[in-house]
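This report describes selected local features of one protein model. The sequence and structure are shown first, and the findings follow under short headings.

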Amino acid sequence: MSHTEQGDINELKRVRLEKLQELRDMGVDPFGGRFERSTMAQAIKDSFDNFEGQTVQVAGRMMSKRRHGKAGFANLQDYSGSIQLYFRQDDLGPEKYELFKKMDMGDIIGVSGTVFRTQKGEMSIHVYDLTYLSKSLHPLPEKWHGLKDVELRYRQRYVDLIVNPEVKEVFVKRSRIIREIRRYLDELGFLEVETPMMQPIPGGATAKPFITHHNALDTELYLRIAPELYLKRLLVGGLEKVYEINRSFRNEGISTRHNPEFTMLEIYQAYADFQDMMDLTEALISNVVNQVNGSLQVEFEGQTIDFTTPWKRLPMLEAIKQYTGLDFNHIVDDDEAFQAARGLGMELEPGAARGEIINEVFESFVEEHLVQPTFIFGHPVDISPLAKRNRETPEFTDRFELFIVQREIANAFSELNDPIDQRQRFQRQVEKRQSGDGEAHMMDEDYIRALEYGMPSAGGLGIGIDRLVMLITGSPSIRDVILFPTLRPVKE
RNA sequence: GGGCCAUUAGCUCAGACGGUAGAGCACCUGACUUUUAAUCAGGGUGUCGCUGGUUCGAGUCCAGCAUGGCUCACCA
């Protein structure tokens, strides 16, 4: 232990360190090893009749302790739940009972005993042997308010998980959601793949990347902002139905809806289009919600979200017309669009393209109204550099976004597979980049070459897993569904 | 990055007008062999986020900084 740590040590920790030494002096290893459990706390409660009178071995963390002279009670918490323990000096003998007396809240122990019910009816274990498995040196937060300090909850998630049971439930649910997604896609014959997270050219989204450096290669690498371009290379290679669930990274602001690293699901299906992806999105999400929550209705911030299919499908221009009265079908050039947006009180940078303006208007006036699951489709090509143009109206794309409680949950389109058009779109992005837009795409020659070999027409879909988990678990902040959200490091 | 708010004991929180720092839980000592927010008797364990300033005197007022939350901007 370092000198400074010694100096900073507080009374509570000092007392526990002393007890630790006392255990050692008694010949007890405070950090015991393997312990054979015969069952779990919750299992005993769930089928008490089968367990009553039986001998069991359980292990876990002691969360409370009530001593009554030469007997006492404690509560033992394991992954499944918690159960009360009963200790009697007459049954344990003075040495083991001394161990019980020394036990602190938070200590991890294994016990052996018989299952019984107390006079007050509490299902309990009458302990006749106990083993120290880990001494806890820090006091746990208060027992009925739990740990509330948000910063501490995120920084020391382990403590949060110990004392706030609902936190564990959220992350168990998150795991089930992802498992259910995998199961669903695997059953449809999709192949799960892993593509580079460190990329020489970051692409597939408009976002600022993190930059890092590889020493041996002496080259800059970017943490991926999306897996998209690699997954579509796989379509070229003949992997016709692929998906990837993993992290992407964007070097942007942090908010209740944004974490610098976040989990995205991307799915690509050859010979399909964005309509197929809409059907898939609807089926996938409604299935997951139903499997995980046992219902298609979900409460979120006082609102009931109904995932019953089919969901509303609304063309973007239609939605804008509905909420602003503006019909961009009749506003055909950039100038006119600019004036129209100004008329709505929007401040725009001069030189914006009609498509960009349409998107701005949509985000400012429509998004806030989209509470129930709604597909918005038909995005301008100006804001969709990787999406296939619509046959009838080529300045729009066959693309949709899914909105639920004002949040964008999914984004999908018919994938652009024309290498010549793709090159021009990249070129346009490169120009934007040169004029200072750090989020615009870079030219990706290898991706163009892949398209030149021939990529089947395909539908592609991206779903923000963290946001989906937020909805399903009723969590208002993305930090509530990420175990270790990004925080500024504490500096010494 | 902007705006607003918060920061007091291990945890959850009080601290009017500026006058020697408080409670509950936890912890320590003792009593108690079926309690469960156990109870009873006793004990306060603190760089009031940090640095300055105003003042006879600052947890309290002022400024700057730090960390976090909400929100706006940006995005998924």
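**Lys173 in helix H8**

With a relative accessibility of 23%, Lys173 counts as partly exposed, because the buried class is reserved for values under 20%. The model is a predicted one. Lys173 belongs to helix H8, which covers residues 165–187.

Beyond the residues up to four places away in sequence, Lys173 touches Val292, Asn293, Ile472 and Thr473. Between Lys173 and Glu439 there are 34 Å from C-alpha to C-alpha, at a sequence separation of 266 residues.

**Asp160 in helix H7**

Asp160 lies in helix H7, residues 157–163. Its relative accessibility is 0%, so Asp160 counts as buried.

The side chain of Asp160 forms a polar contact with the side chain of Arg157, at 2.8 Å. When neighbours within four places in sequence are set aside, Asp160 is in contact with Leu147, Arg153 and Val167.

**Helix H2: length and buried face**

Helix H2 consists of 15 residues, numbered 11–25. At 1.5 Å a residue, a span of 21 Å is expected, and the C-alpha atoms at the two ends are indeed 21 Å apart, so the expected and modelled values agree.

Within H2, the residues Lys13, Arg16, Leu20 and Leu23 are buried. Viewed down the axis of H2, the buried residues fall within an arc of 70°, and they therefore line one face of the helix. After H2 comes Gly27, which has a positive phi, near 85°.

Conventions
Residues numbered from 1 in each chain as written. Chains lettered and ligands numbered in written order. Predicted model: local features only at pLDDT ≥ 70, side-chain atom pairs only at ≥ 80, totals over all residues. Heavy atoms only, no water. Helix = DSSP H or I, 4+ residues; strand = E, 2+ residues; numbered from the N terminus. Expected span 1.5 Å × (residues − 1). Buried < 20%, exposed > 50% of the residue type's maximum accessible area, 1.4 Å probe, protein only. Arc of directions from axis to C-beta. Contact = heavy atoms within 4.5 Å. Polar contact = N/O pair within 3.5 Å; in protein donor to acceptor, adjacent residues only side chain to side chain.
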